[in-house]
Structures are given as C-alpha cells and as structure tokens.
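Work through the exercises below with the sequence and the 3D view open. Each task is followed by a solution in steps.

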Amino acid sequence: MKHLIAPSVLSADFANLQTDIKMINQSEADWFHIDIMDGMFVPNISFGFPVLSAINKYAEKPLDVHLMIMDPDRYLRDFKNSGAANITVHYEACTHLHRTLSAIKDLGCKAGVAINPHTPVSVLEDIIQDLDLVCIMSVNPGFGGQKFIENTYKKIQALRYLSSEKNNSLMIEIDGGVGMQNAASLLKAGADILVAGHAVFAANDPSVAISELKHLNIDILNS
C-alpha cells in the first residue's frame, strides 16, 4: 500500500481555516488529521463539534479524528455525526478498550488506538486483531512543534512484527515531529500513515510539502 499523508489541522491558520481546507482538498494529501483535546487528558484545548462539523462541510477527504480526551465513549456518536471517518482513542484514556472499539465500529467508522511515548506496543497484543489502525505518538501529546522521539522507530518495528502475526491489514500511523528529515526512515521502519503539521503548514508552499512527503520513493532509498 502506498503510504498516506494526513496533514494535521491543528497547525493550520484558524483565522483562514477554509483556505487551508481547500489547500488540503486540492493537494495530494489523503486524510485530514483532526486533534481533539479536552484540557484534561492533555493540557491544551483544541476544538469541538461545531468546528469539526464546519471542517466536514468543506472537506473532500476523510476526517481522521484523534481523540486526546478522557472518557471518549460519551462522545463517539457525536464525532461520527460531525463527520469522523476514523476515530482513534488513547489506550491510556480507556478503561474498557474493547467495548470502546466495538462502539466505534458499530458506528461505521474505522477504529484506532493511540499510544503515548511511554506506552509499550505490547499492551496492544490482546486487542490488535480488532484494530484498523494504531497511532504511535512520536512526541508527548498536547502540543505541536515538539522534538521527535527517536525510540519511535523501534516501536514501529515491534508493532509491525506483532501485526504480522495477528492483523496483516493494520495501518500504523505516526504523529508528532514528522517531516522530510525523518519521513523516509519512518516508512522504512514500517509506517503507513504520516501525520504532518508544522512540516506542512510552516512550509513556503504547503501543497508542495505534502507532495514531497507523498512521493518519497522508499525502494530507491533501500537500494
């Protein structure tokens, strides 16, 4: 599968959000990555259902919704109704993870789990067969522009090995500090989806930045 690029809307210009949505629509990006923060699970507060619905009104690509919130079960249907195609919850925030994942799938969404930098891949062993994607946080969640955590490569490899035994269709998403400086190495380690915020929206031409990330040729890099 050709890798996917999911620009993180958290890094967009909120005063000109429709312009950035149009840019993503016209670019080679595959998904919109939407970080929802509640000020409890992470220190920041991002945006809620009205903004998500507004993005969905103009977005022409799937909304990949990443819930950095406590007790996400309360709001799953609301996120679906606001346009989410994928709903990813944090392992660290879910007491009854299997039940949460089942509820997401019952809504017709792809079900994902995110793990923080300190959380080992092994915690997913008994649930991995029920997942559509795993989002490996390569920075501590809650803030953009952080330094990439190098241990991420080992976690990707460990997760790819685990998924090869139990879920060959699992997609591995990397979120945090992703850019041209490490994208090729992440893909070679086994990543499928790159979430890029600062690397896209701080670029002179965001659509070109997306194209460069999309067209990395891993076969040439491996030769």
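**Exercise 1. Strand pairing and the sheet**

In which sense do S2 and S3 pair, and over how many bridges? Then place these strands in the sheet.

Solution. Keep in mind that this is a predicted model.

Step 1. The pairing of S2 with S3 is parallel and runs over six bridges. One residue pair to look for is Ile 34, whose bridge partner in S3 is Val 65.

Step 2. Strands of a sheet pair through backbone hydrogen bonds, either parallel or antiparallel. Here eight strands form an open sheet with parallel pairing, and their order is S1-S8-S7-S6-S5-S4-S3-S2.

Step 3. Look at the two ends of that order. Strand S1 (4-7) and strand S2 (32-37) are at the edges and have a single partner strand each, so one side of each has no neighbour in the sheet.

Step 4. Compare the directions of neighbouring strands. On average they are turned by 25° against each other, with direction ignored.

**Exercise 2. The surroundings of strand S5**

Which strands pair with S5, and over how many bridges? Then explain why S5 is largely enclosed.

Solution.

Step 1. Strand S4 (residues 84-90) pairs with S5 in the parallel sense over five bridges. Within this pairing, Val 89 stands opposite Val 113 in S5.

Step 2. Strand S6 (residues 133-137) also pairs with S5 in the parallel sense, over four bridges. Cys 135 in S6 is the bridge partner of Ala 114.

Step 3. Follow the chain from S4 through helix H4 (residues 97-106) to S5. These elements make a right-handed β-α-β unit. H4 packs on the sheet and touches S4 and S5. The direction of H4 makes about 145° with that of S5.

Step 4. Now check accessibility. Because five of the six residues of strand S5 (residues 110-115) are buried, the strand is largely enclosed by the rest of the structure.

**Exercise 3. Buried or partly exposed?**

Sort Asn 86, Asp 71 and Asp 192 into buried or partly exposed, and locate each one.

Solution. The cut-off needed here is that buried means under 20% relative accessible area, and partly exposed lies between that and the exposed class at over 50%.

Step 1. Asn 86 is in strand S4. Its relative accessibility is 3%, so Asn 86 counts as buried. Apart from neighbours within four places in sequence, Asn 86 is in contact with Trp 31, Leu 63, Asp 64, Val 65, Lys 110 and Leu 133.

Step 2. Asp 71 belongs to the loop between strand S3 (63-68) and helix H3 (76-81). With 37% relative accessibility, Asp 71 is partly exposed. Its phi is near 45°, a positive value in a residue other than glycine.

Step 3. Asp 192 sits in the loop between helix H6 (183-189) and strand S8 (193-196). With a relative accessible area of 13%, Asp 192 is buried. Its side chain reaches the backbone nitrogen of Ile 172 at 2.8 Å.

**Exercise 4. A loop residue and a helix residue**

Which residues does Lys 166 touch, not counting residues up to four places away in sequence? Describe the setting of Lys 166 and of Ile 128.

Solution.

Step 1. Lys 166 is in helix H5 (residues 152-166) and is partly exposed, at 38% relative accessible area. Outside the excluded neighbours, Lys 166 touches Glu 125, Ile 128 and Gln 129.

Step 2. The side chain of Lys 166 reaches the backbone oxygen of Glu 125 at 3.1 Å.

Step 3. Ile 128 lies in the loop between S5 and S6. Its relative accessibility is 0%, so Ile 128 counts as buried.

Step 4. Leaving aside neighbours within four places in sequence, the contacts of Ile 128 include Leu 159, Leu 162 and Lys 166.

**Exercise 5. Aromatic pairs**

How many aromatic pairs are there? Describe the pair of Phe 148 and Tyr 153.

Solution.

Step 1. With ring centres required to lie within 6.5 Å, the count comes to four aromatic pairs.

Step 2. In the pair of Phe 148 and Tyr 153, the centres are 5.4 Å apart and the planes make 55°, which is a tilted arrangement. Both Phe 148 and Tyr 153 are buried.

Step 3. Ring pairs also link Phe 49, Tyr 75 and Phe 79 into a cluster.

How values were computed:
Residues numbered from 1 in each chain as written. Predicted model: local features only at pLDDT ≥ 70, side-chain atom pairs only at ≥ 80, totals over all residues. Heavy atoms only, no water. Buried < 20%, exposed > 50% of the residue type's maximum accessible area, 1.4 Å probe, protein only. Helix = DSSP H or I, 4+ residues; strand = E, 2+ residues; numbered from the N terminus. Pairing = 2+ DSSP bridges. Right-handed = clockwise from strand over helix to strand, strands pointing away. Phe/Tyr/Trp six-rings, centres within 6.5 Å; stacked < 30°, edge-to-face > 60°. Contact = heavy atoms within 4.5 Å. Axes fitted to C-alpha atoms, helices over the stretch in contact; angles between N-to-C directions. Polar contact = N/O pair within 3.5 Å; in protein donor to acceptor, adjacent residues only side chain to side chain.
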